[in-house]
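Student: Please take one part of this structure and walk me through it closely, explaining each term as it comes up. I would like a connected account rather than a list.

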Amino acid sequence: MKMKRNYKKDFTLLALLLIPIGVAINFVGFQVAQVLRLPIFLDTIGTILVGVIAGPLVAIVAAFITNSITAIFNPIYFPYVITSMAIGLGAGLLSKYGMFRTIYKAIISGLIITAIAVIASAPITVLFFGGATGNTSSAITATFLAMGQNIWSAVFTSTIITEIADKVISVLFVYFIVKSISDRYLSKMKYGHLYMKKSNRNK
């Protein structure tokens, strides 16, 4: 019963309304990266944002919805729902300890989320797709394979290279977005009080 009450506390009306916003941000970020042909994805900015101010459970839902919709157009993305949900969980847990309150902590959070993404996604890339999914990291993987690395080593190395830039940049986007949100709104979110301007001035 206590766990059920906690779920209800997390999924307030404002938190539920934040989910489609987070999903939309994920899609916009991904489309911008695709149009500009950037070697990064920018498809988890919304998920991280939801995790930072609404908590890990809400972020997991936003991640699941994002990948489920994306998979309709490109099924290759559905197995990576595990990665997206892990990122949402990680962002929420990091936020619980105020790891997005300063830009320095945000960068550290970006590195931690990078590690989460690599650990979750590299095995999927190898086991589901044989090491290549057709994105930028596949070309990097091919380069490492040509240099004599085995498939696991090549995939992990290429994933680290692409994810570290993607996740640090995504986290910095979230940091500045949260900084721009009003205290009035933040006060109504699970972890919003940690990032209120008035609260920060008092510390």
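Tutor: Before we place any residue in a loop we need the elements around it: helices (H or I, at least four residues) and strands (E, at least two) are DSSP runs, numbered from the N terminus. The structure is a predicted model, in which local features need pLDDT of at least 70 and side-chain atom pairs count only at pLDDT 80 or more, while totals for chains, interfaces and linings use all residues. Residues are numbered from 1 along each chain as its sequence is written, and side-chain values use heavy atoms, with hydrogens and water left out.

The part I choose is the largest pocket, together with the elements that surround it. A pocket is an open set of points on a 1 Å grid over the protein atoms alone, with protein on both sides within 12 Å along at least five of seven lines, whereas a cavity is a set where a 1.4 Å probe fits but cannot get out; lining residues have an atom within 4 Å of a point. The volume of the largest pocket is about 500 Å³, where a volume is the space filled by probe spheres set on the points, and points are joined across faces, edges and corners. It is lined by 32 residues, of which F41, D43, Y77, Y80 and N135 are the closest to its centre. Sorted by class, the lining holds nine nonpolar, 20 polar and three charged residues, where Ala, Val, Leu, Ile, Met, Phe, Trp, Tyr, Cys and Pro count as nonpolar, Asp, Glu, Lys and Arg as charged, and the others, Gly among them, as polar. At least two lining residues come from each of α2 (13–35), α4 (56–73), α5 (81–96), α6 (103–129), α7 (136–146) and α8 (151–180), and the largest share, six residues, belongs to α8.

Let us now follow the chain through α2, whose 23 residues reach 34 Å from the first C-alpha to the last, close to the expected 33 Å; the expected span is 1.5 Å times one less than the number of residues. Its buried residues are A15, L18, I19, G22, V23, N26, G29, F30 and A33, where buried means under 20% relative accessible area, exposed over 50% and partly exposed in between (1.4 Å probe, protein chains only). Just after α2 comes R37, with a positive phi of about 55° although R37 is not a glycine. R37 sits in the loop between α2 and α3 and counts as exposed because its relative accessibility is 75%. L42 lies in that loop too, and it also has a positive phi, near 55°, without being a glycine; yet L42 counts as buried, because its relative accessibility is 7%. D43, one of the residues closest to the pocket centre, is likewise found in the loop between α2 and α3 (45–54). With a relative accessible area of 23%, D43 is partly exposed, and its C-alpha is 9.5 Å from that of V32, although the two are eleven residues apart in sequence.

Two other lining helices, α6 and α8, deserve a look as a pair. Two packed helices are described by the angle between their axes and the distance between the axes. Here α6 and α8 pack at about 145° with their axes 7 Å apart, where axes are lines fitted to C-alpha atoms, for helices over the stretch in contact, and angles run from 0 to 180 degrees between N-to-C directions. Their contact has 22 nonpolar, five polar and two charged residues. For α6 itself, 27 residues at 1.5 Å a residue should span 39 Å, which agrees with the 36 Å between its end C-alpha atoms. After α6 comes G130, whose phi is positive, near 65°.

Within α8 we find S158, which counts as buried because its relative accessibility is 1%. S158 and A139 are 19 residues apart in sequence, and their C-alpha atoms are 8.6 Å apart in space. In α4, finally, there is V58, buried with a relative accessible area of 0%.
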